[in-house]
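User: I've got a two-chain model open and I'd like to learn how to read it. Can you walk me through it, feature by feature?

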Amino acid sequence: MRASLKRGVMSVVWVALTVLSTGCATGPNANPKDPLEPMNRKVASFNDALDDNVLKPAAIGYRDYTPQPVQTGVSNFFRNLSDVWSTANNGLQLKGRETAESLMRVVVNSVFGIYGIFDVATPIGLERHPEDLGQTLGYWGVPSGPYVVLPLFGPSTVRDTSVLPVELSVDFVTKHDVVAERNVASVTRLIDKRASLLQTTDMLSGAAIDKYSFTRDSYLQYRRNQVYDGNPPDDDVLPDPSAEPATPSAK
Amino acid sequence: MNRCLSRRLFSVWALSAACVLGMTSTAHAVEEPADVFIKRVSGDILDAIKADKSIHSGDVNKIVVLVDQRVMPNVNFLRMTASAVGPGWRQATPEQQKRLQEEFKALLVRTYAGALGQVNDQTIVVKPLRAAADDKEVLVRTEVRGKGDPIQLDYRVEKAADGAGWKVYNLNVMGIWLVENYRSQFAQEINAKGVDGLIASLADRNKTNARTSK
């Protein structure tokens with residue numbers, strides 16, 4: 001089982017690398033942020049089909065038939081695990097206060113929150129500072145590179161994809177030794193994540209003319225904002241075509 | 001599915017909608033700073049939504065009324081639509097520009113309508129303004145605080161053309177600017193099918209949304 005998981009991970013990595021080396025099918029209307037668009041669109045529709053048929057129904061069932069306290073506990077548990085990784089990455093970005101707070105969160109929640117099932121750190125003022133390795137690279141100036149849609153994993157960038165093997169190799173769930181528990185934990189985490197996204201994805205499909213580019217543009221902006229901790233350089237205020245003096249005003 | 005785009009994103013979207021929707025049109029003294037403007041209108045809108053059960057349950061007609069009476073006077077929607085449409089805007093006739101605004105507005109209202117029920121105990125914290133007193137365009141940064149982690153919600157505001165107060169022309173939820181997010185989709189449609197094609201796609205989308213929300 002473990003070997004097959006490894007093989008799964010490796011094949012994802014290989015797909016990514018192959019895409020990166022062969023892709024670049026640029027057309028005349030290619031978006032500079034998305035040279036891999038033709039490939040990405042295929043993967044995205046594969047992901048959508050999988051989501052429609054498996055993941056989303058499972059998440060809806062989970063949301064509707066699991067008691068709310070259980071759902072919250074599950075969420076908190078996995079968030080606590082991810083706070084460990086945030087602590088490391090805040091450290092790698094030399095953010096003293098954030099590192100200390102993240103560490104305190106893990107300690108407080110793991111001890112007083114019973115393995116993280118209760119989030120007791122937030123009410124006492126210890127805020128989350130989610131960071132991952134992709135953000136750490138971005139912090140030190142590594143550009144995100146083109147947009148990539150990974151099979152199963154969804155939206156990503158070349159930079160974030162390149163560190164995925166590392167992220168997985170330090171992941172508590174995928175590294176867990178007891179196979180049955182690991183499988184349960186992996187599936188639960190996935191469903192918890194999907195359930196938390198249900199409203200967002202419903203809204204997304206109503207808001208978008210073209211779901212693919214809407215998702216891409218949201219994701220890239222969102223990710224960039226994360227790298228700059230909510231304060232990206234204010235470089236691109238859009239032009240206002242309606243202000244052109246020659247323009248006939250619509251009002 | 002990116003792990004960090006969580007339920008919070010949704011509720012902030014709801015809230016941002018609320019904030020845009022709720023901006024009351026009180027033309028205050030010219031001197032009102034941009035951050036005070038945002039604080040006032042977002043507070044008003046939150047109160048209005050909390051007070052009205054039918055908005056909470058997503059009554060689209062009620063929401064449209066709220067938008068027209070209280071939101072639109074505080075938003076430069078012409079500018080919002082034009083910059084989302086991009087260079088194609090100048091090729092559009094005045095009639096097409098009018099239709100673009102109508103359909104874009106309908107899309108946003110319809111999209112946000114369902115989200116308004118999420119608004120409950122949140123409060124808005126406006127961050128210190130970093131702008132000179134005579135700036136014509138200002139970035140106002142706020143944070144929505146409720147249950148869970150705080151959510152980033154920023155506005156770009158401009159001095160209104162008549163000099164009376166401010167108007168919002170873009171907003172950002174967790175780093176995602178609304179106008180930017182529609183730009184490449186709109187450009188795509190215009191490149192493929194022209195301005196009328198974009199209008200038709202928007203109208204289609206709105207019809208589909210109207211059906212599914214019934």
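Analyst: Sure, and confidence is the place to begin. pLDDT is the predictor's confidence in each residue, from 0 to 100. This is a predicted model, and chain A averages a pLDDT of 86, with 84% of its residues scoring at least 70.

User: Where in chain A is confidence lowest, and where is it highest?

Analyst: The low end is helix α1 (residues 2–22) of chain A, with a mean of 53. The high end is strand β1 (residues 147–150) of chain A, at 97. Two stretches deserve some care. Residues 21–26 of chain A stay under 50, and the model gives them 7 contacts beyond four places in sequence. Residues 246–251 of chain A are also below 50, with 10 contacts beyond near neighbours in sequence.

User: Okay. How many helices and strands does each chain have?

Analyst: Chain A has 11 helices and 2 strands, in the order α-α-α-α-α-β-β-α-α-α-α-α-α. Chain B has 7 helices and 5 strands, and its pattern reads α-α-α-α-α-α-β-β-β-β-β-α.

User: What share of each chain is buried?

Analyst: In chain A, 31% of the 251 residues are buried. In chain B, 50% of the 214 residues count as buried. As for how contacts spread along the sequence, take those with a separation of 6 or more: in chain A, 59% of them join residues 24 or more positions apart, and in chain B the figure is 63%.

User: Now the strands of chain B. How do I read a sheet?

Analyst: Strands of a sheet pair through backbone hydrogen bonds, either parallel or antiparallel. Here, 5 strands of chain B form an open sheet in the order β1-β2-β3-β4-β5, with antiparallel pairing. Strands β1 (123–126) and β5 (176–177) of chain B stand at the edges with a single partner each, so one side of each has no neighbour in the sheet.

User: What joins β2 of chain B to the strands β1 and β3?

Analyst: Bridges. Strand β2 (residues 137–145) of chain B is joined by 8 of them to the antiparallel β3 (residues 151–159) of chain B, and β1(B) and β2(B) pair over 4 bridges. You can check the register on individual residues: B:V140 stands opposite B:Y155, B:E137 has B:E158 as its bridge partner, and B:I124 stands opposite B:V144. The hairpin of β2(B) and β3(B) has 5 residues between the strands, and B:G148 there takes a positive phi near 80°.

User: Which residues of β2(B) are on the covered face, and which on the uncovered one?

Analyst: B:V138, B:V140, B:T142 and B:V144 make up the covered face. The uncovered face holds B:E137, B:L139, B:R141, B:E143 and B:R145. As for helices against the sheet, α2(B) lies across β1, β2, β3 and β4 (166–173) of chain B, running at about 180° to β1(B).

User: Can we zoom in on one residue of that helix? Why does B:F37 count as buried?

Analyst: The cut-off is 20 or more other C-beta atoms within 10 Å. B:F37 has 23 such neighbours, so B:F37 counts as buried. B:F37 belongs to helix α2 (residues 34–51) of chain B. Setting aside neighbours within four places in sequence, B:F37 contacts B:E32, B:V157, B:G165 and B:W166. The C-alpha atoms of B:F37 and B:V168 are 10.0 Å apart, although the two are 131 residues apart along the chain.

User: And which residues have the most contacts inside the largest nonpolar core?

Analyst: They are B:A34, B:I38, B:I63, B:A84, B:L116, B:V140 and B:V157, in a core of 58 residues. The largest share of this core, 8 residues, comes from α7(B). Beyond four places in sequence, B:A34 touches B:L129, B:A131, B:V138, B:V140, B:V157 and B:W166. Another core lies apart from the largest one and has 7 residues, among them A:Y147, A:V148, A:V149 and A:L220.

User: Last stop, the interface. How many residues does each chain put into the contact?

Analyst: Chain B puts in 45 residues and chain A 41. On the chain B side, α1 (7–21), α5 (77–85), α6 (94–113), β5 and α7 (178–213) each supply at least two residues. α7(B) gives the most, with 12 residues. By type, the chain B side divides into 19 nonpolar, 16 polar and 10 charged residues.

Note on methods:
Residues numbered from 1 in each chain as written. Chains lettered and ligands numbered in written order. Predicted model: local features only at pLDDT ≥ 70, side-chain atom pairs only at ≥ 80, totals over all residues. Buried ≥ 20, exposed ≤ 12 C-beta atoms within 10 Å, placed from the backbone. Contact = placed C-beta atoms within 7 Å. Pairing = 2+ DSSP bridges. Axes fitted to C-alpha atoms, helices over the stretch in contact; angles between N-to-C directions. Nonpolar A, V, L, I, M, F, W, Y, C, P; charged D, E, K, R; others polar. Core = buried A, V, L, I, M, F, W, Y, C linked by C-beta atoms within 7 Å.
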